[in-house]
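Me: I am new to this structure and would like a close look at a single part of it. Please take one residue, say what surrounds it, and then work outward to the wider setting.

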Amino acid sequence: MKSKIGPSTIIGMLAILVWCLLPIAWIISLSLKPEAETAEGSPQFLPKSWSLENYQAVLEDPLFQRALINSFGISLIATVLSVIFATFAAYAIARLDFRGKRIVLSIALAIAMFPVVSLVGPLFDMWRTLSLYDTWPGLIIPYMSFTLPLAIWTLTAFFREIPWELEQAARVDGATAWQAFRKVIVPLAAPGVFTAAILTFFFAWNDFVFGISLTSTTAARPVPAALAFFVGPDQFNPPTSTLSAAAVVVTIPIIVIVLIFQRKIVAGLTSGAVKG
Amino acid sequence: MSTTTAPRQSEPEVSQRAKQSATARAKAENRLGLRLVAPAVIMMLLVTAYPMGRALYLSLFKYRLSAPDDREFVGLNNYLTVMTDSLWWTDVFNTVVIMVVTVAVELVIGFAFAMVMHRVIFARGVIRTSILIPYGIITVVSAFAWQFAFSLNNGFVNGWLPLVGDDFNWFGDKWPAMIAIMVSEIWKTTPFMSLLLLAGLAQVSEDTIEAAKVDGATWWQRLWKVIIPNMRAAIMVAVLFRALDAYRIFDNIYVMTRGAQDTESVSFLTYRQIIEQFELGMGSALSVLLFLSVLIIAWLLVKAFRVDLASARGEG
């Protein structure tokens, strides 16, 4: 590549940085404004006086703690199960010859585009009959269904890149298809599986529709729903600073994951989409 | 071991046996394939196909969850009520406006970002990390950040924008509120768009661009005649995914306006009927209509791009 970095590229880079980070800086700044300052109105970008009181209030709030536990637990379980199911399916799609392959991929694509809200009614009704309403499994099941397509597409793209001669070598040496899968391919596929897991986790962590409609108490209510219902003592003036602090706290895991795994996430997001 | 005693017949017999074992193997592979995809397929259909079928069934009833015993078969009446109600059409209009505007803006900005990321040689990690933050952030958090940014008492937007008075209430009227909603949506999802476009851009060969340059094509001509036609597939995937995603908009509206000032979307209307009004029959009819409208949009987009692709091929 001979392209030189011109001034337009530098301006573009700065534009990207401002675009992505300004709202983050804003919500952090808001979270550092004392609650009294935002209650009076404080339209300037930076706080007049800095304070960590909001973080203390949020982290000591039992409702918020419970929501964090719910979100972590539900998202992690859904991610693990979804990725296991998707690994089997993607292996079969990338590697084996069987009837109905196209149908499976079409189902996955259709579900990726499914309007989630249209399921709220029937699921609300079904979950109440099955006593899954307001429980962890009640959220884990729909999260799995809706993350499977993403995981299957990402993993299929990864699996198509794996040097499969190694699998054949194992088969020649007498391994069964299952042994070849478990002992040879799984270690090779681990990076792809990991990427799919990150994308799946993001989806589950972000969900709001199921979070508000399939829960009613703190028993299973995840973070996004808890944030939306987070109303201070005065219902008409929601506690801006405290809410911002809570928003920052739930964004930290995302930033940590992004910082560590940025390269993998980009590879995962783009491989499935373009080659699929 | 009959092959050793009857050498004359051995050859066809062996090949037939090989064929038999090949088909047996193919059968085994077929079985294993189906067995491996079965759990995922069952899981996906369990929470979509069955409930959707149930929604179709319930949509034929007048059915309030608060009075389940009064369930009554009403045929297609719920659909008739919805389709003749101006609220439905207002919400469809809002949703389509949000979809068209956000996808158009995201396509332009996302493409610009992709071009920049494609050229950047140093600080790639920094750019990649920052672009993934809006992608990964919870939509509800984005909605709150922008709601506060646009708010009358605590927002910086009024102070920063030159033509807007400091006392302008963005959430006091329909279109300003819609703009605020769309800004949050665009901010959060442009990175996803730009990453998909970046992948498409990476597949355009540098040699072709270089050749066009040598032939005297301007930057603009290279963009429209070489780069964009060569990444049609990536653009199509990005637009299709984002358009259908934008049509389902819910989180931003829920947090920022709760549908006030006529900013309701189709998803929000459906949610409100079911969860807040307990109108399961009517809500199911809305669910079915929401599902159908997504199908129609997907069909239209795929069709539009096919035509586009065909005409592009005709040109070449």
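Reply: Leaving aside residues up to four places away in sequence, A:Ser244 touches A:Ile27, A:Leu30, A:Ser31 and, from the other chain, B:Phe148. These contacts come from a predicted model, in which A:Ser244 lies in helix 12 of chain A, the helix that covers residues 240-275. A:Ser244 has a relative accessible area of 0%, and because buried means under 20%, this residue counts as buried.

The contact with B:Phe148 leads on to the interface between the two chains, to which chain A gives 98 residues and chain B gives 93 residues. About 8700 Å² is buried between chain A and chain B, and carbon and sulfur atoms account for 79% of that area. Within the area that chain A buries against chain B, A:Ile16, A:Trp19 and A:Met113 supply 8%, which is more than any other three residues.

Turning to the polar side of the interface, there are 11 residue pairs in polar contact across chain A and chain B, counted where both residues have pLDDT 80 or more. The count of salt bridges between the two chains is one, and it joins the side chains of A:Asp125 and B:Arg54, with an N to O distance of 3.2 Å. Helix 12 of chain A, where A:Ser244 is found, provides 18 residues to the side of chain A that touches chain B, the largest share. Sorted by class, that side of chain A holds 74 nonpolar, 17 polar and seven charged residues.

Definitions and conventions: Residues are numbered from 1 along each chain as its sequence is written. Chains are lettered from A and ligands numbered from 1 in the order in which they are written. This is a predicted model: local features need pLDDT of at least 70, side-chain atom pairs count only at pLDDT 80 or more; totals for chains, interfaces and linings use all residues. Side-chain values use heavy atoms; hydrogens and water are left out. Helices (H or I, at least four residues) and strands (E, at least two) are DSSP runs, numbered from the N terminus. Buried means under 20% relative accessible area, exposed over 50%, partly exposed in between (1.4 Å probe, protein chains only). Contact means heavy atoms within 4.5 Å. Buried area is the accessible area (1.4 Å probe) that two parts lose on being put together, summed over both. A salt bridge is a side-chain nitrogen of Lys or Arg within 4 Å of a carboxyl oxygen of Asp or Glu. A polar contact is a pair of N or O atoms within 3.5 Å; within protein, one must be able to donate a hydrogen and the other to accept it, and residues adjacent in sequence count only if both atoms are side-chain atoms. Ala, Val, Leu, Ile, Met, Phe, Trp, Tyr, Cys and Pro count as nonpolar, Asp, Glu, Lys and Arg as charged, and the others, Gly among them, as polar.
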